[in-house]
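Here are a few notes to help you find your way around this structure. Keep the view open beside you as you read.

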Amino acid sequence: MEALLASLLALALLAAWLLPKWRLRRALSRPLAPAQVALLARNVVQVRGMDPAQRARLQRLVQQFLHEKKFVGCAGLEVSDEMRVTIAGQACLLLLGRAGGDGPAQLYPLLHTILVYPGAFLVPRTEVDMSGVVTETRQDLLGESWGDGRVILSWDHVRRADQPEPPGHNVVLHEFAHQLDSESGNTNGAPYLGSRERYRSWSEVLSRDYANLRAEAMFGMHGVLDHYGASSPAEFFAVATESFFEQPHQLAARHPALYGEFLKYYRIDPRQWQPEPVAAAPEPDFSGVAYGQWR
């Protein structure tokens, strides 16, 4: 009897391990619906410049993302297929060059839920000054990335990502860059890179450009990187990721070493998806709203 129970327990454990893998393979065997493919092309501007192989790879990543992650509407918002596909498509841009092969990819393994608000959302904050005085405040945010497996997004700002104004701004890329950053065990602007030499080069380049951005912010000088990236190394990585995918030609021209580090990390060159601009784009203005800090 004990042997039979042990065998049944082993079979149950095996089934529990195999069933999710079987469900994922079944989901990946079905392509995205034509309407979903059209949503990707409309709401993820980079798709329009991709070659057929890249488009197919992105669609497969999106299919897996939609299968694995849960979307929850907040403040009365009902999550539509357009919201799910748009957010998944922009999030999977960051993995397009890094997730190789035809099998299932590692899609933000620490993440399980995306919370979507209709617009910018208020978040309570507790601030303590140097004298120990505690101040309770509320802050308008466009998005926030948490270490407990959640990303929070404003749909109103997600859908602005396909518009030319403001340039270089994409809340999904920003918050999912934080998710990548956290995979190293710390959210400090240095994601998992794989080798000591890569960390040495990464630290040298990003530390220098981060210091330069802090100086630019202090003196009110504007470049391709938004001043929000000067608030911490983690925010610098997220802001630079936005520019890498949204303004690749400008970032490569102004920060060639930084662009080179991102080429090695993301293993894809977004310059191939858009023509080189003929004139300088206007600088972004994000006054009045902010991303959330990693929490």
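1. Helix α4 is mostly covered, with 10 of its 13 residues buried (under 20% relative accessible area with a 1.4 Å probe, protein chains only). The buried ones are M83, V85, T86, I87, A88, G89, Q90, A91, C92 and L93. Helices here are DSSP runs of H or I, at least four residues, numbered from the N terminus.

2. The same helix, residues 81-93, reaches 18 Å from its first C-alpha to its last, close to the 18 Å expected (1.5 Å times one less than its number of residues).

3. A word on the source: this is a predicted model, where local features need pLDDT of at least 70, side-chain atom pairs count only at pLDDT 80 or more, and totals for chains, interfaces and linings use all residues. Residues are numbered from 1 along each chain as its sequence is written, and side-chain values use heavy atoms, with hydrogens and water left out.

4. There are 2 cavities of 30 Å³ or more (sets of points on a 1 Å grid over the protein atoms alone where a 1.4 Å probe fits but cannot get out). The second largest holds about 30 Å³, and V37, L40, V47, R55, L58 and Q59 line it (an atom within 4 Å of a point). Among the elements, α3 gives the most to this lining, with 3 residues.

5. Now for the second largest pocket (an open set with protein on both sides within 12 Å along at least five of seven lines). About 270 Å³ of space lies in this pocket. Of its 15 lining residues, R98, E183, Y192, Y265 and R267 are the closest to its centre.

Key
Helix = DSSP H or I, 4+ residues; strand = E, 2+ residues; numbered from the N terminus. Buried < 20%, exposed > 50% of the residue type's maximum accessible area, 1.4 Å probe, protein only. Points joined across faces, edges and corners; volume = space filled by probe spheres on them.
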